[in-house]
Amino acid sequence: MKLLRTCRLVTLGCKVNQYETQYAKEMLEANGYREALPDEPADLCVVNTCTVTAEADAKGRQLIRRMAQVNPASAIVVMGCFATRDPGGVARLPRVAKVITDKQRLAEELRDFGVMRGPRGISRFDGHQRAFVKVQDGCLLHCSFCIIPHVRPALRSRPIDEIVEEVERLVAGGCPEIVLTGIHLGHYGVDLSRGKSKERWGRLWHLLHRLADLPGDFRIRLSSLEAAEVRDDLVRVLASSARFCPHLHLCLQSGSDRILRLMKRRYTSAGFLERCRRLCAALDQPAFTTDVIIGFPGETDADFEATCGVLREVGFCKVHIFSYSPRAGTPAATMTEVVPPSVVAKRRLRLISLEREMADAYHRTLQGRVLDVLVEGADPSRPGWVRGTSCRYAMVAFEGHLPALLRRRVPIEIAGVADNVLWGVPAPQYSDHAAEPVVPKTNRWSPRLSLPLLAAHM
């Protein structure tokens with residue numbers, strides 16, 4: 001069989017998918033492939049799909065058809081959650097030569113295309129200034145709305161030494177931020193620790209301890225956590241080092257206890273708030289982001305208002321809003337109390353407005369502070385300015401030039417905020433050889449969560 005030499009890889013979905021696409025690309029390169037140029041048809045196309053919603057399925061089908069049109073002589077390999085959920089349907093799409101339903105067998109599945117070996121891990125992260133590092137796969141939970149545990153493998157955590165080695169490679173290559181990610185990040189190490197004494201466990205906080213001690217100028221961000229997993233061991237390690245970004249993505253989904261029970265989530269609204277207060281007490285003015293599902297079967301106006309109330313209480317600076325999408329095979333798909341699309345649309349607009357209000361309020365508390373900003377590109381609205389992501393996840397713009405500042409971490413003193421973007425000037429102590437921020441000490445208690453500490457409800 002003729003060895004294919006050019007490849008094109010495209011991704012839909014989460015950070016885990018993006019990591020797995022990078023891994024597949026480096027695997028193909030190790031076996032004689034090169035990435036096709038933008039205007040060059042590819043011999044092999046790899047499409048990594050998502051199935052979290054019906055919209056994601058539709059995007060996957062559209063993307064595969066577009067790849068077939070643009071690359072008429074290409075063999076198309078499809079992997080990812082949509083491929084696992086509906087392999088037969090995917091196989092019938094144009095030019096699909098193989099459907100991979102188990103990414104753990106990626107090298108074996110690609111042998112027909114000349115792949116004989118796979119890399120131990122990734123060494124770079126193309127198209128991004130930050131690198132996503134997958135540390136675990138699979139989910140032990142079975143939320144009533146979620147199909148992902150059915151299409152991902154059983155819980156599997158990568159060994160700590162393997163992750164450390166990969167992070168060292170990325171940092172040596174100049175990566176300024178590592179984003180740890182997984183399907184259920186907070187359950188990292190459950191499988192590695194099972195049956196062992198606590199002294200021999202290897203949980204997420206043990207991994208963070210190891211990564212905090214590595215040399216190099218880089219910072220670490222956690223991609224997503226369940227509030228129920230924000231326990232003392234994890235909070236202590238997050239508070240122990242300035243290497244960890246003071247930004248937590250805590251999945252709320254709903255602020256209504258009734259809907260949370262129907263979703264089979266593991267917390268109450270009061271318990272969620274208590275965990276946020278615990279983080280505010282331990283960390284310096286942390287940023288919180290979250291996911292919310294609107295239109296879950298049976299969601300009433302009162303349920304939606306309860307969600308808005310919890311969002312306001314925490315003061316999230318970013319809310320990823322998902323309209324409920326029934327997934328065949330999940331318990332929620334059999335629930336009959338459908339929320340009308342018009343109601344869902346109105347609630348979405350309410351949340352978008354609330355998100356802007358909360359983001360503006362949080363961003364204004366950052367004025368006068370010095371934030372660690374990773375420069376990621378030019379500011380599209382101001383010539384001669386650059387823009388990047390701060391340690392607290394807020395977008396920050398300041399006067400500067402590319403490419404000199406690209407991928408650099410610069411301490412920026414925040415002077416104002418406009419259109420959801422902070423702006424400022426490099427702090428006086430900044431030089432080309434010292435990109436660590438000097439942050440003034442502030443009250444560790446967030447003004448958004450200043451009520452008395454609640455008892456745990458989890």
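Where does Arg407 lie? Keep that one in mind; the tour comes back to it near the end. Before you start clicking, note that this is a predicted model.

**Stop 1: the five-stranded sheet**

Begin with strand S1, residues 6-11, and then bring in its companions. You should have an open sheet of five strands on screen, in the order S2-S1-S3-S4-S5, with parallel pairing. Strand S2 (34-35) and strand S5 (96-99) stand at the edges; each has a single partner strand, so one side of each is left without a neighbour in the sheet.

Now zoom in on the pairings one at a time. S1 and S2 run parallel and are joined over two bridges. Select Thr6 and look across to S2: the residue standing opposite is Arg34. On the S3 side, S1 pairs over five bridges, again in the parallel sense. Pick Arg8 here, and you will find Cys45 as its bridge partner in S3. Carry on to S3 and S4, a parallel pair with six bridges. Val47 makes a good marker for this pair, as it stands opposite Val78 in S4.

**Stop 2: strand S3 itself**

Stay where you are and select residues 44-49, which make up strand S3. Is this strand mostly covered or mostly open? Mostly covered: six of its six residues are buried. Turn the view to check both faces. Leu44, Val46 and Asn48 are buried on one side, while Cys45, Val47 and Thr49 are buried on the other.

**Stop 3: the helix across the sheet**

Next, add helix H1, residues 15-30. Which strands does it lie across? The answer is S1, S2, S3 and strand S4 (75-80). Compare its direction with that of S1: H1 runs at about 175 degrees to that strand.

**Stop 4: a three-stranded sheet**

Leave the five strands behind and find S10, S11 and S12. They form an open sheet, in that order, with parallel pairing. S10 and strand S12 (318-323) are the edge strands, each pairing on one side only. On average, neighbouring strands of this sheet are turned by 15 degrees against each other, direction ignored.

Strand S11 covers residues 287-294 and pairs with S10 in the parallel sense over three bridges. To see where the two meet, select His249 and look for Thr289 opposite, in S11. Then show helix H13, residues 301-314, which packs on the sheet and touches S11 and S12. The direction of H13 makes about 175 degrees with that of S11.

**Stop 5: the cavity**

S10 also leads to the next sight. How many cavities of 30 Å³ or more does the structure hold? Just one, and the space in the largest cavity is about 30 Å³. To find it, select Ile220, Arg221, Leu222, Leu238, Phe244, Cys245, His247 and Leu248, which line it. Strand S9 (219-222) and strand S10 (247-249) are the elements that give two or more residues to this lining. S9 gives the most, with three residues. Colour the lining by class and you get six nonpolar residues, one polar and one charged.

**Stop 6: Thr389**

Now jump to Thr389, in strand S14 (residues 385-390). Thr389 has a relative accessible area of 5%; that is under 20%, so it counts as buried. Show what surrounds it: leaving aside neighbours within four places in sequence, its contacts include Arg219, Arg221, Asp372 and Met395. Arg221 may ring a bell, since you selected it for the cavity lining too.

**Stop 7: the loops**

Finally, go to the loop between strand S15 (395-399) and strand S16 (409-418), where Pro403 is found. Look at the peptide bond from Leu402 to Pro403: it is cis, with omega near 5 degrees.

Here is the residue from the opening, too: Arg407 lies in the loop between S15 and S16. Its phi is near 70 degrees, a positive value in a residue other than glycine. Arg407 is partly exposed, with a relative accessible area of 30%.

One last click takes you to Asn420, in the loop between S16 and strand S17 (421-426). The phi of Asn420 is near 70 degrees, again positive in a residue other than glycine. With 44% relative accessibility, Asn420 counts as partly exposed.

Key
Residues numbered from 1 in each chain as written. Predicted model: local features only at pLDDT ≥ 70, side-chain atom pairs only at ≥ 80, totals over all residues. Heavy atoms only, no water. Pairing = 2+ DSSP bridges. Helix = DSSP H or I, 4+ residues; strand = E, 2+ residues; numbered from the N terminus. Contact = heavy atoms within 4.5 Å. Axes fitted to C-alpha atoms, helices over the stretch in contact; angles between N-to-C directions. Buried < 20%, exposed > 50% of the residue type's maximum accessible area, 1.4 Å probe, protein only. 1 Å grid on protein atoms, 1.4 Å probe; cavity = no way out; pocket = protein on both sides within 12 Å on 5 of 7 lines; lining within 4 Å. Points joined across faces, edges and corners; volume = space filled by probe spheres on them. Nonpolar A, V, L, I, M, F, W, Y, C, P; charged D, E, K, R; others polar.
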